[in-house]
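Could you take me around this structure, one selection at a time? I have it open in a viewer and would like to know where to click next.

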Amino acid sequence: MARKIPRSDTRRIARERIAILFQRARECIPLEPARSDRYVALARKISMKHRVRLDRGLRRQFCHHCGRLLVPGVNMRVRIRRGMVVITCLSCHQQTRFLARRER
Amino acid sequence: MISPQNILRHELIGLDVAVVEASNPALTGLSGQIIDETRNTLVIRCDRGDKRVQKHRTRFRVTLPDGVLVEIDGSALVMAPERRISALHKTRGK
(Lines give C-alpha, C1' and ligand atoms only; values in the text may rest on other atoms or scores of the structure.)
Protein backbone atom coordinates (compact mmCIF):
# COMPACT_ATOMS: atom_id res chain seq x y z
CA MET A 1 0.00 0.00 0.00
CA ALA A 2 1.26 3.41 -0.90
CA ARG A 3 1.45 5.78 2.00
CA LYS A 4 -0.04 9.18 1.49
CA ILE A 5 1.16 12.53 2.64
CA PRO A 6 -1.70 14.33 4.40
CA ARG A 7 -3.04 17.21 2.35
CA SER A 8 -2.79 19.54 5.33
CA ASP A 9 0.95 18.92 5.30
CA THR A 10 1.39 19.61 1.59
CA ARG A 11 -0.71 22.74 1.87
CA ARG A 12 1.33 24.04 4.78
CA ILE A 13 4.54 23.60 2.77
CA ALA A 14 2.85 25.10 -0.29
CA ARG A 15 1.95 28.23 1.72
CA GLU A 16 5.50 28.54 3.02
CA ARG A 17 6.95 28.15 -0.47
CA ILE A 18 4.58 30.74 -1.91
CA ALA A 19 5.60 33.21 0.79
CA ILE A 20 9.29 32.57 0.08
CA LEU A 21 8.83 33.02 -3.67
CA PHE A 22 6.93 36.30 -3.31
CA GLN A 23 9.61 37.53 -0.94
CA ARG A 24 12.34 36.67 -3.50
CA ALA A 25 10.29 38.23 -6.30
CA ARG A 26 10.10 41.49 -4.33
CA GLU A 27 13.85 41.44 -3.69
CA CYS A 28 14.93 40.99 -7.29
CA ILE A 29 12.36 43.02 -9.23
CA PRO A 30 14.41 46.27 -9.39
CA LEU A 31 17.43 44.60 -10.97
CA GLU A 32 16.07 41.50 -12.68
CA PRO A 33 12.37 41.78 -13.53
CA ALA A 34 12.48 38.60 -15.63
CA ARG A 35 13.59 36.56 -12.64
CA SER A 36 10.94 38.18 -10.51
CA ASP A 37 8.29 37.20 -13.11
CA ARG A 38 9.53 33.63 -12.97
CA TYR A 39 9.17 33.52 -9.16
CA VAL A 40 5.62 34.87 -9.30
CA ALA A 41 4.78 32.27 -11.98
CA LEU A 42 6.22 29.48 -9.82
CA ALA A 43 4.31 30.68 -6.76
CA ARG A 44 1.05 30.73 -8.75
CA LYS A 45 1.74 27.26 -10.13
CA ILE A 46 2.21 25.96 -6.60
CA SER A 47 -0.96 27.66 -5.46
CA MET A 48 -3.01 26.20 -8.33
CA LYS A 49 -1.52 22.72 -8.17
CA HIS A 50 -2.20 22.37 -4.45
CA ARG A 51 -5.37 24.43 -4.42
CA VAL A 52 -4.07 26.95 -1.92
CA ARG A 53 -5.89 30.25 -2.30
CA LEU A 54 -3.55 33.21 -2.20
CA ASP A 55 -4.63 35.61 0.50
CA ARG A 56 -5.86 39.01 -0.53
CA GLY A 57 -2.53 40.74 0.09
CA LEU A 58 -0.72 38.44 -2.33
CA ARG A 59 -3.58 38.30 -4.81
CA ARG A 60 -3.31 42.03 -5.44
CA GLN A 61 0.45 42.05 -5.63
CA PHE A 62 0.80 40.86 -9.20
CA CYS A 63 -0.81 41.72 -12.52
CA HIS A 64 -3.45 39.15 -13.43
CA HIS A 65 -2.79 39.76 -17.13
CA CYS A 66 0.99 39.69 -17.50
CA GLY A 67 1.93 38.11 -14.17
CA ARG A 68 4.38 40.78 -13.15
CA LEU A 69 4.79 41.79 -9.52
CA LEU A 70 3.13 45.16 -8.93
CA VAL A 71 5.08 47.72 -6.94
CA PRO A 72 3.04 50.74 -5.84
CA GLY A 73 4.36 53.94 -7.38
CA VAL A 74 6.64 52.07 -9.77
CA ASN A 75 4.56 49.96 -12.13
CA MET A 76 1.03 50.18 -10.79
CA ARG A 77 -1.68 52.78 -10.53
CA VAL A 78 -4.51 52.43 -8.04
CA ARG A 79 -7.75 54.37 -8.40
CA ILE A 80 -11.09 54.10 -6.68
CA ARG A 81 -13.82 54.27 -9.30
CA ARG A 82 -17.55 53.56 -8.82
CA GLY A 83 -17.05 51.34 -5.82
CA MET A 84 -14.21 49.49 -7.46
CA VAL A 85 -10.50 49.44 -6.84
CA VAL A 86 -9.05 49.75 -10.32
CA ILE A 87 -5.45 48.65 -10.61
CA THR A 88 -3.58 49.53 -13.78
CA CYS A 89 -0.43 47.59 -14.52
CA LEU A 90 2.00 50.04 -16.08
CA SER A 91 3.99 47.20 -17.64
CA CYS A 92 1.15 45.89 -19.83
CA HIS A 93 -1.41 48.73 -19.37
CA GLN A 94 -4.22 46.33 -18.53
CA GLN A 95 -6.64 47.03 -15.73
CA THR A 96 -7.86 44.73 -13.01
CA ARG A 97 -10.90 45.64 -10.94
CA PHE A 98 -11.67 44.55 -7.42
CA LEU A 99 -14.78 45.34 -5.43
CA ALA A 100 -14.11 48.01 -2.84
CA ARG A 101 -16.02 46.95 0.22
CA ARG A 102 -16.03 48.49 3.62
CA GLU A 103 -13.99 46.46 6.11
CA ARG A 104 -16.19 45.01 8.81
CA MET B 1 10.19 26.07 8.07
CA ILE B 2 12.72 24.36 5.85
CA SER B 3 14.24 21.43 7.70
CA PRO B 4 16.39 18.43 6.71
CA GLN B 5 13.18 16.37 6.90
CA ASN B 6 11.23 18.40 4.36
CA ILE B 7 13.98 19.90 2.19
CA LEU B 8 13.11 17.56 -0.70
CA ARG B 9 9.61 19.01 -0.75
CA HIS B 10 10.43 22.60 0.13
CA GLU B 11 11.61 25.65 -1.79
CA LEU B 12 15.18 25.47 -3.08
CA ILE B 13 15.30 28.91 -4.71
CA GLY B 14 17.35 31.29 -2.62
CA LEU B 15 19.32 28.64 -0.77
CA ASP B 16 23.11 28.40 -0.92
CA VAL B 17 24.32 25.23 -2.52
CA ALA B 18 27.54 23.47 -3.45
CA VAL B 19 27.94 20.71 -6.00
CA VAL B 20 29.65 17.82 -4.27
CA GLU B 21 29.63 15.30 -7.07
CA ALA B 22 28.53 15.51 -10.69
CA SER B 23 28.88 13.45 -13.83
CA ASN B 24 30.36 16.56 -15.44
CA PRO B 25 33.65 16.97 -13.53
CA ALA B 26 33.82 20.66 -14.38
CA LEU B 27 30.82 21.27 -12.15
CA THR B 28 32.07 19.67 -8.95
CA GLY B 29 33.00 22.28 -6.41
CA LEU B 30 30.66 24.85 -7.93
CA SER B 31 28.94 26.85 -5.23
CA GLY B 32 26.53 29.73 -5.03
CA GLN B 33 22.87 30.58 -4.66
CA ILE B 34 20.05 28.71 -6.39
CA ILE B 35 18.19 31.22 -8.55
CA ASP B 36 15.94 28.99 -10.62
CA GLU B 37 14.64 25.47 -10.78
CA THR B 38 13.16 23.42 -13.59
CA ARG B 39 12.12 19.79 -13.70
CA ASN B 40 15.61 18.59 -14.57
CA THR B 41 17.96 21.37 -13.60
CA LEU B 42 18.95 23.95 -11.02
CA VAL B 43 20.41 27.30 -12.00
CA ILE B 44 23.19 28.31 -9.63
CA ARG B 45 24.52 31.86 -9.45
CA CYS B 46 28.22 31.56 -8.71
CA ASP B 47 31.19 33.86 -9.15
CA ARG B 48 31.64 32.61 -12.72
CA GLY B 49 28.11 33.51 -13.71
CA ASP B 50 24.85 31.55 -13.78
CA LYS B 51 25.34 27.82 -14.27
CA ARG B 52 22.61 25.35 -15.13
CA VAL B 53 23.30 22.03 -13.41
CA GLN B 54 21.36 18.86 -14.06
CA LYS B 55 19.74 17.32 -10.99
CA HIS B 56 20.04 13.73 -12.04
CA ARG B 57 23.14 11.98 -10.70
CA THR B 58 24.43 15.09 -8.98
CA ARG B 59 24.98 15.44 -5.25
CA PHE B 60 24.33 18.83 -3.72
CA ARG B 61 25.23 20.20 -0.33
CA VAL B 62 22.56 22.70 0.63
CA THR B 63 22.79 25.28 3.41
CA LEU B 64 19.39 25.75 5.04
CA PRO B 65 18.35 29.22 6.30
CA ASP B 66 19.22 28.18 9.88
CA GLY B 67 22.74 27.19 8.81
CA VAL B 68 22.30 23.42 8.80
CA LEU B 69 24.12 21.62 6.00
CA VAL B 70 22.23 18.89 4.16
CA GLU B 71 23.56 16.65 1.43
CA ILE B 72 20.95 15.80 -1.18
CA ASP B 73 20.98 13.33 -4.00
CA GLY B 74 19.77 15.34 -6.99
CA SER B 75 18.09 12.26 -8.49
CA ALA B 76 15.43 12.58 -5.78
CA LEU B 77 14.64 16.10 -7.01
CA VAL B 78 13.95 15.24 -10.65
CA MET B 79 10.40 16.54 -10.75
CA ALA B 80 8.69 19.83 -11.54
CA PRO B 81 9.16 22.22 -8.59
CA GLU B 82 5.43 22.47 -7.87
CA ARG B 83 5.00 18.70 -7.92
CA ARG B 84 7.78 17.98 -5.45
CA ILE B 85 5.59 19.11 -2.56
CA SER B 86 3.34 16.09 -2.69
CA ALA B 87 6.02 13.60 -3.71
CA LEU B 88 6.77 10.70 -1.45
CA HIS B 89 10.45 10.10 -0.86
CA LYS B 90 11.94 6.88 0.40
CA THR B 91 14.83 8.68 2.02
CA ARG B 92 14.01 12.07 3.38
CA GLY B 93 17.29 13.93 3.37
CA LYS B 94 20.20 12.91 5.56
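Here is a tour in six stops, from chain A across to chain B. Keep in mind along the way that this is a predicted model.

**Stop 1: the first helix of chain A**

Select residues 7–28 of chain A, which form helix H1. H1(A) is 22 residues long, and from its first C-alpha to its last it reaches 31 Å, close to the 32 Å expected at 1.5 Å a residue. Now colour its buried residues: Thr10(A), Ile13(A), Ala14(A), Arg17(A), Ile18(A), Ile20(A), Leu21(A), Phe22(A), Arg24(A) and Ala25(A). What do the buried residues of H1(A) pack against? Show H2 and helix H3 (56–59) of chain A, and you have the partners.

**Stop 2: the second helix of chain A**

Move on to residues 33–49 of chain A, helix H2. The end C-alpha atoms of H2(A) are 24 Å apart, which agrees with the 24 Å that its 17 residues should span at 1.5 Å a residue. The buried residues of H2(A) include Tyr39(A), Val40(A), Leu42(A), Ala43(A) and Ile46(A), and also Asp37(A) and Arg38(A). Look at what lies over them: the cover includes H1 of chain A together with strand E2 (31–37) of chain B. Before leaving, click on Arg51(A), just after H2(A), where the backbone takes a positive phi of about 50°.

**Stop 3: the small sheet of chain A**

Next, select residues 76–81, 84–89 and 95–99 of chain A, which are strands E1, E2 and E3. They make an open sheet of three strands in the order E1-E2-E3, with antiparallel pairing. E1 and E3 of chain A are the edge strands, each pairing on one side only. Neighbouring strands here are turned by 20° against each other on average, direction ignored. Zoom in on E2(A) and E3(A), which pair over five bridges in the antiparallel sense. To see one of the paired positions, show Thr88(A) and its bridge partner in E3(A), Gln95(A).

**Stop 4: where the chains meet**

Show both chains together. How many residues of each chain are in contact with the other? On the chain A side there are 17, and on the chain B side 14. Helices H1 and H2 of chain A are the elements that give two or more residues to the side touching chain B. Colour that side of chain A by residue type and you will find eight nonpolar, two polar and seven charged residues.

**Stop 5: chain B and its strands**

Now hide chain A. Chain B has zero helices and six strands, so a cartoon view shows the elements running β-β-β-β-β-β from the N terminus on. The radius of gyration of chain B is 12 Å, close to the 12 Å that the globule rule gives for 94 residues, so chain B is as compact as a globular protein of that length. Turn it around to see its extent: the C-alpha trace spans about 35 × 25 × 20 Å along its principal axes. Of the 94 residues of chain B, 24% count as buried.

Select strand E1 (residues 16–21) and strand E5 (residues 59–63) of chain B, which run antiparallel and are joined by five bridges. At one place along them, Glu21(B) has Arg59(B) as its bridge partner; at another, Val17(B) stands opposite Val62(B). E1(B) is also joined to E2(B), by three bridges and again antiparallel, and there Asp16(B) is partnered with Gln33(B).

Add strand E6 (residues 69–73) of chain B, which is antiparallel to E5(B) and joined to it by five bridges. Arg61(B) stands opposite Glu71(B) in E6(B). The hairpin of E5(B) and E6(B) has five residues between the strands, and in it Gly67(B) takes a positive phi near 95°.

**Stop 6: Ile44 of chain B**

Finish by centring the view on Ile44(B), in strand E3 (residues 41–46) of chain B. Is Ile44(B) buried or exposed? Ile44(B) is buried, with 24 other C-beta atoms within 10 Å. Leaving aside neighbours within four places in sequence, Ile44(B) is in contact with Val17(B), Leu30(B), Gly32(B), Ile34(B), Lys51(B) and Val53(B). Try a distance on one of these: the C-alpha atoms of Ile44(B) and Gly32(B) are separated by 5.9 Å, with the two residues twelve apart along the chain. Val17(B), another residue of that list, is the one you saw opposite Val62(B) at the previous stop.

Notes. Residues numbered from 1 in each chain as written. Chains lettered and ligands numbered in written order. Predicted model: local features only at pLDDT ≥ 70, side-chain atom pairs only at ≥ 80, totals over all residues. Pairing = 2+ DSSP bridges. Helix = DSSP H or I, 4+ residues; strand = E, 2+ residues; numbered from the N terminus. Axes fitted to C-alpha atoms, helices over the stretch in contact; angles between N-to-C directions. Contact = placed C-beta atoms within 7 Å. Nonpolar A, V, L, I, M, F, W, Y, C, P; charged D, E, K, R; others polar. Rg over C-alpha atoms; globule rule 2.2 N^0.38 Å. Buried ≥ 20, exposed ≤ 12 C-beta atoms within 10 Å, placed from the backbone. Expected span 1.5 Å × (residues − 1).
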